[in-house]
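Hi,

Here is the structure I promised to pass on. Have a look at it first, and then read my notes below.

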Amino acid sequence: MSSIAALMVATSSRAVTAFSARSVAPKVAARALTVRHIMAGGLMPYDEEKMPIYALGVNIGMQISQQTDFKSLLEEEELEILLAGFTDIVKGENTVNPMELLQNYGPAVNDLLRQRMEGIMDKVKRDGTEYTEGFLDCNEDAEKTDSGLVYYCMKEGDGASPVLEDEVEVHYHGTLTDGTVFDSSVDRDATIKFKLGQVIKGWQEGLAMMKEGGKATLVIPPELAYGDAGSGGAVPPGATLKFEVELFKVNP
């Protein structure tokens, strides 16, 4: 995630992409690449003339991966089979009728993906619960609210506390429970402003407990974050999130 827009409340839930007789293959929109350097700091895999074609493949792969994290769902051998099916269609070398194939195996594909995703999500939720309990054990001053939010004051502020209608200016550093950084205004070295009522519920509740000039850690359960949908490829479904937030300014 590159901006606070990723924290905005989702207006629609995400689901496992289903196969149907109507959609034989996904339509990938032609759009400009948003990545300036495909392999920053490393050697390009092809010469300059061929890199645009490679970049096209990377773009398609990124779009697909942002919808479904196949690397987590499938074993290495299964990934190879998936790529073989993709390659056969792209090259026109498929030996079976795609429509017939999807009609026969589409339901099994949906069942497989759903089972795999549910298994991963259950583990992510268990890890989140264990992390929250460990955080509370290690931080005696941390408090858990009725909603499940964990609030830990790192620095007491002396200004106003925001309400949903207020605009706030903050620095934040967001990580998963394994320490993976998924978004950070601190790393970008730029504070961000937004209306408090436009972000996830965990932020709404947590920042309302802060005062201008304060800093706090928020451990946010999935119910107050992105729930079972997750957020793109950065936040897994069912993830508990940890934010360190510094509240600089409250503008009514």
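Let me start with the rings. Searching the whole structure turns up eight aromatic pairs. Keep in mind that this is a predicted model, so everything here is computed from it.

One of those pairs is Phe182 with Phe243, an edge-to-face arrangement with 5.5 Å centre to centre and 80° between the planes. This pair links distant parts of the chain, as Phe182 belongs to strand β4 (residues 181-184) and Phe243 to strand β7 (residues 241-251), 61 residues apart. Both Phe182 and Phe243 are buried. Another pair is Phe194 with Trp203, which is tilted: 5.5 Å centre to centre, with 55° between the planes. Are these two rings buried or exposed? Phe194 counts as buried because its relative accessibility is 3%, and Trp203 is buried too, with a relative accessible area of 0%. If you colour the rings, pick out Tyr172 as well: ring pairs join Tyr172, Phe182, Phe194, Trp203 and Phe243 into a cluster.

Next, the salt bridges. There are five in the structure, and here are some of them.

- Glu78 and Arg116 form one, with the closest N and O atoms 3.0 Å apart. Glu78 sits in helix α3 and Arg116 in helix α4, so this bridge ties together parts that are 38 residues apart in sequence. Glu78 is partly exposed, at a relative accessible area of 25%, and Arg116 is partly exposed at 27% relative accessibility.
- Lys123 and Asp127 form another, with 2.9 Å between the closest N and O atoms. These two are four residues apart in helix α4, so about one helical turn separates them. Lys123 has a relative accessible area of 44%, which makes it partly exposed; Asp127 also counts as partly exposed, at 29% relative accessibility.
- Asp183 and Arg188 form a bridge whose closest N and O atoms are 2.7 Å apart. Here Asp183 is buried, with a relative accessible area of 2%, whereas Arg188 is partly exposed at 33%.

Asp183 also falls within the residue range of strand β4 (residues 181-184), the strand that holds Phe182.

Now for the surface. Where does negative charge gather? Glu75, Glu76, Glu77 and Glu80 make up a patch of negative charge there. Glu75 is located in the loop between α2 (70-73) and α3 (76-91). Its relative accessibility is 56%, so Glu75 counts as exposed; the cut-off for that word is over 50%. Glu78 is not among the members of this patch, and Glu78 is the residue that bridges to Arg116. Residues with a salt bridge are left out of patches, so that much follows from the definition.

There is a nonpolar patch on the surface as well, of about 290 Å², made by Val96, Leu101 and Tyr105. Leu101 has its place in helix α4 (residues 98-138), the helix that also carries Arg116 and both Lys123 and Asp127. With a relative accessible area of 37%, Leu101 is partly exposed, which means it passes the patch cut-off of over 30%.

If you want a place to begin, I would load the ring cluster of Tyr172, Phe182, Phe194, Trp203 and Phe243, and then turn to helix α4 with its Lys123 and Asp127 pair.

Cheers

How values were computed:
Residues numbered from 1 in each chain as written. Predicted model: local features only at pLDDT ≥ 70, side-chain atom pairs only at ≥ 80, totals over all residues. Heavy atoms only, no water. Patch = residues over 30% accessible without salt bridge, like charges linked within 9 Å, V, L, I, M, F, W, Y side chains within 5 Å. Areas by Shrake-Rupley, 256 points an atom, 1.4 Å probe, with all protein chains shown as cover. Salt bridge = Lys/Arg side-chain N within 4 Å of Asp/Glu carboxyl O. Lys, Arg positive; Asp, Glu negative; His and termini not counted. Charge placed at Lys NZ, Arg CZ, Asp CG, Glu CD. Buried < 20%, exposed > 50% of the residue type's maximum accessible area, 1.4 Å probe, protein only. Phe/Tyr/Trp six-rings, centres within 6.5 Å; stacked < 30°, edge-to-face > 60°.
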